[in-house]
Amino acid sequence: MRIQSEFVEGFGALAELGPAVSVFGSARTKPGTPFYEMGTQVGRRLVEQGYAVITGGGPGAMEAANKGARDAGGASVGLGIELPFEQGLNEYVNLGVNFRYFFARKTMFVKYAQGFIVLPGGFGTLDELFEAVTLVQTQKVTSFPIVLMGTEYWGGLFDWLRGTVLDAGTVSRKDVDLLHLTDDVDEAVRMVTESDEQVAPKRPE
Ligand SMILES: C/C(=C\CNc1ncnc2c1ncn2[C@@H]1O[C@H](COP(=O)(O)O)[C@@H](O)[C@H]1O)CO
């Protein structure tokens, strides 16, 4: 069965990955733009801190993070998805797995990551962001940090959640505090790695 084999293949490919951070972001971010540069820096810094980088394996911000990770000599994972306008995995992926089903792929983003960094993005990125935060909120996964990068880009959403949504009582203070916001790559990487050290202080060499 195709669905089952996607889970089996994904688990098999990623089982030995070691510590990793999933990086989400727009498929439309163009090389040479500030957000693309931010993505490459994130990929690079994560690898320098001993983490593999997991992305959707596509163009834009995903490619940027994979490029940073690959150029820094680290594991650069791409979880590709079959789409009608598919472009294949970007050239900076050095461990790729392809999926037909979004839900099998999403399981891999969460199961093998110790944190999430979210670059500016559209519907796909928002879907991945809120899936991650819902799983943490409902304690279906360990409480991983979720860091949004780009204060100007995400500021409106962040303020809306902390204002309208919190005031309406549809989320709790604890829920909105799961999300962090910064422009600083080192701070973003520190937030995900420091929390991981607290959760898993000893990792086998
Ligand atoms: C839109 C274009 C190509 C799409 N190719 C994708 N390849 C892999 N993963 C993708 C793709 N598009 C979306 N995703 C996933 O959603 C997130 C980005 O979505 P957004 O709507 O662009 O923010 C990303 O993290 C992927 O996991 C042609 O440019």
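1. In this predicted model, Phe24 has a relative accessibility of 3% and therefore counts as buried, the cut-off being under 20%. Phe109 is likewise assigned as buried, with a relative accessible area of 2%.

2. These two residues meet as an aromatic pair, one of nine aromatic pairs counted in the model. The ring centres of Phe24 and Phe109 lie 5.1 Å apart and the planes stand at 90°, so the contact is edge-to-face. Because Phe24 belongs to strand β1 (residues 20-24) and Phe109 to helix α4 (residues 102-111), the pair ties together parts that are 85 residues apart in sequence.

3. A second pair has another geometry: the rings of Tyr101 and Phe103 have their centres 5.6 Å apart with planes at 35°, and the pair is therefore classed as tilted. As for accessibility, Tyr101 is partly exposed at a relative accessible area of 25%, and Phe103 is partly exposed at 45%.

4. Tyr101 and Phe103 also belong to one aromatic cluster, which is formed together with Phe7, Phe11 and Tyr112. Two rings of this cluster, those of Phe11 and Tyr112, have a lysine to consider as well: the charged end of Lys111 sits over the ring of Phe11, 5.5 Å from its centre, and Lys111 also lies over the face of Tyr112, at 5.5 Å from that ring centre.

5. The packing of helix α1 (residues 2-14) against α4 can be stated in terms of axes, which are 9 Å apart and make an angle of about 25°. Since angles under 35 degrees count as roughly parallel, α1 is roughly parallel to α4. The crossing of α1 and α4 is right-handed.

6. Helix α2 spans residues 34-48, which gives 15 residues, and the distance from its first C-alpha to its last is 21 Å, close to the 21 Å expected at 1.5 Å a residue. The buried residues of α2 are Tyr36, Met38, Gly39, Thr40, Val42, Gly43, Leu46 and Val47. In reading such a list, one may recall that an α-helix has 3.6 residues a turn, so residues three or four places apart point the same way. After α2 comes Gly50, whose phi is positive, near 95°.

Notes:
Residues numbered from 1 in each chain as written. Predicted model: local features only at pLDDT ≥ 70, side-chain atom pairs only at ≥ 80, totals over all residues. Heavy atoms only, no water. Helix = DSSP H or I, 4+ residues; strand = E, 2+ residues; numbered from the N terminus. Expected span 1.5 Å × (residues − 1). Buried < 20%, exposed > 50% of the residue type's maximum accessible area, 1.4 Å probe, protein only. Phe/Tyr/Trp six-rings, centres within 6.5 Å; stacked < 30°, edge-to-face > 60°. Lys NZ or Arg CZ within 6 Å of the ring centre and 35° of its normal. Axes fitted to C-alpha atoms, helices over the stretch in contact; angles between N-to-C directions. Parallel < 35°, antiparallel > 145°, perpendicular 65-115°, else oblique. Left-handed = near helix turned anticlockwise from the far one by under 90°.
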